[in-house]
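Good morning, colleagues. I would ask you to keep the sequence and the structure in view while I speak about side-chain interactions.

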Amino acid sequence: MRIHELAKKLGVDSKELIKKLKKLNFDVKNHMSSVDEDTAEIIMHEIKTLKHQEIESNVIEVNFPVTVKDLAIKLGKKPSELLVDLMKERKLVTINQNLDEATAIGIAYKYKVNLCKKLSEEDAILKVKANALKERAPVVTLMGHIDHGKTSILDYIRNSKITEKETGGITQHIGAYQVVLDKGKITFLDTPGHETFTAMRARGATITDIVIIVVAADEGIKPQTVEAIDHAKAAGVPIIVAINKIDAPNANPDMVKQQLSKVDLVPEDWGGKTITVLVSAKTGKGIDSLLELILLQAHIMELKADYDRAAVGVVVEARLSKGKGPLATILVREGKLRVGDWCVCGIYRGKIRAMYDDRGELVKEVYPTVPVEILALAGVPNPGDQLFVVPNEKSAKEIVEKRRDEEDIKRIVPSAHLKLEDLYKKVKEEDLRQLKVILKADVGGTLEAVGDALEKIPSEEVDLVIIHKGVGAVNSSDILLADVSDAIVVGFKVSVDPKARDLAKNKGIELRVYQIVYELIDDIRAALEGLLKPHIKKVFLGRARIKSVFKLSKSGIIAGSIIEKGKIIRGTACNLFRGNEVIFEGKVQSLKRFKEDVREVAQGTECGIGVGYNDIKEGDVLDVFTEEVITRRLK
């Protein structure tokens, strides 16, 4: 193969190819030099790699979406050139129309440019350097039934009496505490319940590494325990079960393990994968084993953080103090947080004036996984809001103003969650093959029967996943779980709490309540059928052979053709063949008889056809067809 032939195959100029080959130490003299097939393959691979490297290094940053005009300016090209490229991809746009990120990147790549999203100041601040990561302590959340001993376990670990200070022995506020052990450190989050845990996740705060589900040995699993387990599963974090109160007179750990098996948490000593530990918050029995297992799990997870960057943290709790003003408990996730730092949190900003550790002592700086209460912000943020340090007051002000503008827009446009009616559209976009359901029913027997009926709906290609099921009214906890899991909430013969109904409306959650079981099952079956990819059947309409090609000032490239078979209809799909190869797929955009626009042309007739493609040649063949969408059914 000669060099000029190779250059044509690679789509480059011969002189440019020769220069590149000489750089790569290939012995070539001019464009007529010959190379054998093996060398040609090596050259093609090397040139493609070099071309890719050149494009990767030629970076241009833009804000997406970008208009055709602005992209042309960035690429140093005429807008008309880009419009032609877009037409080849069957995308008819105007010069001032926005292009999505994927389309803009694809066009730029043709011009040897690596188009990247321009980082906002906020994105640049939050970008983490992967080469500066060090080991960090695990963050552990305790969840379970209200009086099964979550805070009592934490009390024993910290050697303090938090429970006695709280009203009625119930945790009133979120706490974040770090304990130092011989083998490492552990940060504990003591939350009032799984609702707060999931609400924080709904705000994008994935701060928990491990969840401890606390179950009392004398009472076993309660409905609230099941909710906590399902919320933890939805978060996708490792679960350790602490079976507490083993010293109680009616303690029955085996009963608890049996109940755990029924909710897909089979204990390790029963042949499963769930770590279970027998503990007593009263005597301290088993607490050391629990701590060792937490550290072992953390070691397996290889948890790391960047200690050297500007700090990034998450709000665990926030309150308004009469004497000090807004106070926020922050769990540092990355970097070093110091007194004097300017920071942004939610829609508030401020300079850190003071920091208190979990024992109320003043500290000047803290590192990842250390919780502190800060005095800094101009208002009270929400749990789950991200806090990050900025270079100065000006940066803080600009970011907060931008965020407040975005918040105003969000109030006008509600968030869009999954709707049963949207399933077919989602399938076409190939971003959904699973229907997640939260199921509530009036009594336990009905719940099991409905759940079994739904899980028996046959389907090999799509999944029905019941991420939580429970007895009683649909509550706010169900809506919050649906929010973070993109699930629908289905109730059978149950009421809906007014707060839950309002929350579902505000968050755009699909909520349906049924009185007849067949209606419920039929709707879910129909939804699953919507997830099946439909069959697309092509129905041949006609064939045209291109006899000549000419250009019209208004219509662009027109193919003078003879209809050899069937008929050609304007607006139908078409394939353009050159030999046996399809070189273009699109639609018949224009159809002319002499100078008149027509809707269709029959067999044996000559006409002019426009398909929005410029490289049409005499002898090409155009096949025209319609597409029938055949909906599939579950067997």
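The count of salt bridges in this predicted model comes to 18. I shall take several of them in turn.

Arg 136 and Asp 209 meet through their side chains in a salt bridge, with 2.8 Å from N to O. Where do the two partners lie? Arg 136 is in the loop between strand S5 (133–135) and strand S6 (139–144), while Asp 209 is in the loop between helix H10 (194–202) and strand S9 (210–216). The pair therefore ties together parts that are 73 residues apart in sequence. Both residues, Arg 136 and Asp 209, are buried.

A second salt bridge joins Asp 269 to Lys 257, and its closest N and O atoms are 2.5 Å apart. Lys 257 belongs to helix H12, and Asp 269 sits in the loop between helix H12 (253–262) and strand S11 (275–278). The two are twelve residues apart, and the pair links distant parts of the chain. Is Lys 257 buried or exposed? Its relative accessible area is 8%, so Lys 257 counts as buried.

The third example is the salt bridge between Arg 545 and Glu 564, where the closest N and O atoms are 2.7 Å apart. Arg 545 lies in strand S25 (residues 535–552) and Glu 564 in strand S26 (residues 556–569), so this pair ties together parts that are 19 residues apart in sequence. Arg 545 is partly exposed at 34% relative accessibility, and Glu 564 is partly exposed at 36%.

Salt bridges also occur as a network, which links Glu 510, Arg 512 and Asp 523.

One charged group should be mentioned in another setting. The charged end of Lys 324 sits over the ring of Tyr 356, at 4.2 Å from the ring centre.

I turn now to pairs of aromatic rings. Such a pair is described by the distance of the centres and the angle of the planes. How many aromatic pairs does the structure hold? There are two.

In one pair, the ring centres of Tyr 307 and Tyr 367 are 6.1 Å apart. Why is this pair called stacked? The planes stand at 25 degrees, and planes under 30 degrees apart count as stacked. Tyr 307 is placed in the loop between strand S12 (304–306) and strand S13 (312–321), and Tyr 367 in the loop between strand S18 (365–366) and strand S19 (371–377). The parts that this pair ties together are therefore 60 residues apart in sequence. With a relative accessible area of 18%, Tyr 307 is buried, because the limit for that class is under 20%. Tyr 367, at 31%, counts as partly exposed.

The other pair, Phe 584 with Tyr 613, is also stacked, at 4.7 Å centre to centre and with 15 degrees between the planes. Phe 584 is in strand S28 (residues 581–587), and Tyr 613 is in the loop between strand S32 (606–610) and strand S33 (621–630). They are 29 residues apart and link distant parts of the chain. Phe 584 and Tyr 613 are both buried.

Next, the cysteines. How many disulfides does a search of the whole structure find? The result is zero. Cys 345, for instance, is in no disulfide, and the nearest cysteine sulfur, that of Cys 343, is 7.1 Å away. Cys 345 is buried, with 0% relative accessibility, whereas Cys 116 is partly exposed at 26%.

I close with two buried residues and their surroundings.

Thr 187 is part of strand S8 (residues 184–190), and its relative accessible area is 0%, so it is buried. A polar atom of the Thr 187 side chain lies 2.5 Å from the backbone oxygen of Thr 369. Beyond residues up to four places away in sequence, Thr 187 touches several others, among them Pro 138, Val 139, Tyr 177, Leu 331 and Pro 371.

Ile 153 has its place in helix H8 (residues 150–158) and counts as buried at 1% relative accessibility. Its C-alpha atom is separated by 7.7 Å from that of Ser 280, although the two residues are 127 residues apart along the chain. Which residues are in contact with Ile 153, leaving aside its neighbours within four places in sequence? They include Leu 142, Val 214, Ala 242, Asn 244, Val 279 and Ile 287.

Definitions and conventions: Residues numbered from 1 in each chain as written. Predicted model: local features only at pLDDT ≥ 70, side-chain atom pairs only at ≥ 80, totals over all residues. Heavy atoms only, no water. Disulfide = S-S within 2.5 Å. Buried < 20%, exposed > 50% of the residue type's maximum accessible area, 1.4 Å probe, protein only. Phe/Tyr/Trp six-rings, centres within 6.5 Å; stacked < 30°, edge-to-face > 60°. Helix = DSSP H or I, 4+ residues; strand = E, 2+ residues; numbered from the N terminus. Lys NZ or Arg CZ within 6 Å of the ring centre and 35° of its normal. Salt bridge = Lys/Arg side-chain N within 4 Å of Asp/Glu carboxyl O. Polar contact = N/O pair within 3.5 Å; in protein donor to acceptor, adjacent residues only side chain to side chain. Contact = heavy atoms within 4.5 Å.
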